[in-house]
Amino acid sequence: MKFIYYAAFLCSLATLTSSAEMVVTVTQKCYPELPTTSKTTSTSSSSSSSASSTKSSSSSMTSSSSASKTSSTSATSSPTNVIDTKCGGEFFDFSTINKIEPFVAEACKQNMVFTNGQLELALKPGCSPTLSYPSRFKTGRIDVLMRAANGSGAVTALSMYGDNKDEVDIELVGKTPINFQSMYFPKGVPIKGLELYHESSPSSNLQETFHTYSIERTNDAFNWFMDGNLVRSLPSTDPNFPTTANHFKFGVWDGSASSSWAGVVDYNAGPIVMAIKSIKIQPYC
Ligand SMILES: *[C@@H]1O[C@H](CO)[C@@H](O)[C@H](O)[C@H]1NC(C)=O
């Protein structure tokens, strides 16, 4: 399993680079349909989520994005801790949790540290911290409040993998601090042009600021969100729809092999750290 996972990942990267430079501007097919999880809170929802911990500062760090976004979703720039436990929802606040479980450390557990009120994953030579969530999704949504790893070559990734190598990704590459990439790989095959890039609003350095990144699977679509705002939707009617992608994995990798895309890691430049404040897992019933 682990081997297949890494093989698929590396293959994707390699083919991406060789298939051409990742210079991308594509008009996105964006469906306005937006099945947000209940956001009944006011725009100061950070106060409600502060119940989750003392780290309401994380909300203030990202709440600037609320100013220019649609009011329906701007209220929550960080995941709320409101979960539907009936459906198996879980909220992990890493300022109060200091164990990996139930996530599975798939690689480089020694570089997963709980500190500064967050889970920090440090990329080191030959050691790319990778975690997975044990349950598979039929439909549901994951929200991750995080800061991308800094430094050229680092690849910060949130991914859904399927048994037939279908893959849905959010990836941030060290070389480009101001945007993230939404991508999917039908049966593991990288298809040029499927990747789209998204910036925060207002634009910010994603290696210095915390944002909530979300992947949602509904019966009808895969949806990508940033700070609660839908940035991309892929309808299930798409012939390349990654139907089996249902296993959530995340971590930080060395993307130096795809240097034109990610840049090259310089391990002497200082610590390369991905920081996660919280993860919300919400399967839909
Ligand atoms: C990443 O950021 C940390 C903290 O600001 C800094 O110490 C480190 O040198 C940076 N790493 C790289 C590779 O730039």
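This tour visits four places in the backbone of a predicted model.

As background, most peptide bonds are trans, and most residues other than glycine have a negative phi. The stops below concern peptide bonds that are cis and phi values that are positive.

**Cis peptide bonds**

Start by selecting Glu101 and Pro102. The peptide bond that joins them is cis, and its omega is about 10°. To place Pro102 in the fold, show strand 1 (90-93) and strand 2 (104-107): Pro102 sits in the loop between them.

Next, select Ser201 and Pro202. Here, too, the bond is cis, with omega near 0°. Pro202 belongs to the loop that runs between strand 10 (196-199) and strand 11 (211-217).

**Positive phi values**

Now move to Asn116. This residue is not a glycine, yet its phi is positive, at about 55°. Display strand 3 (112-115) and strand 4 (118-123) to find the loop that holds Asn116 between them. Is Asn116 buried or exposed? Its relative accessibility is 58%, so Asn116 counts as exposed, the cut-off for that term being over 50%.

The last selection is Asp227. Its phi is near 50°, again a positive value in a residue other than glycine. The loop to look at lies between strand 12 (221-226) and strand 13 (229-235), and Asp227 is in it. Turn on the surface and ask: is Asp227 buried or exposed? Asp227 has a relative accessible area of 3% and is therefore buried, since buried means under 20%.

To review the last two stops, select Asn116 and Asp227 together: Asn116 is exposed, whereas Asp227 is buried.

Methods. Residues numbered from 1 in each chain as written. Predicted model: local features only at pLDDT ≥ 70, side-chain atom pairs only at ≥ 80, totals over all residues. Heavy atoms only, no water. Helix = DSSP H or I, 4+ residues; strand = E, 2+ residues; numbered from the N terminus. Buried < 20%, exposed > 50% of the residue type's maximum accessible area, 1.4 Å probe, protein only.
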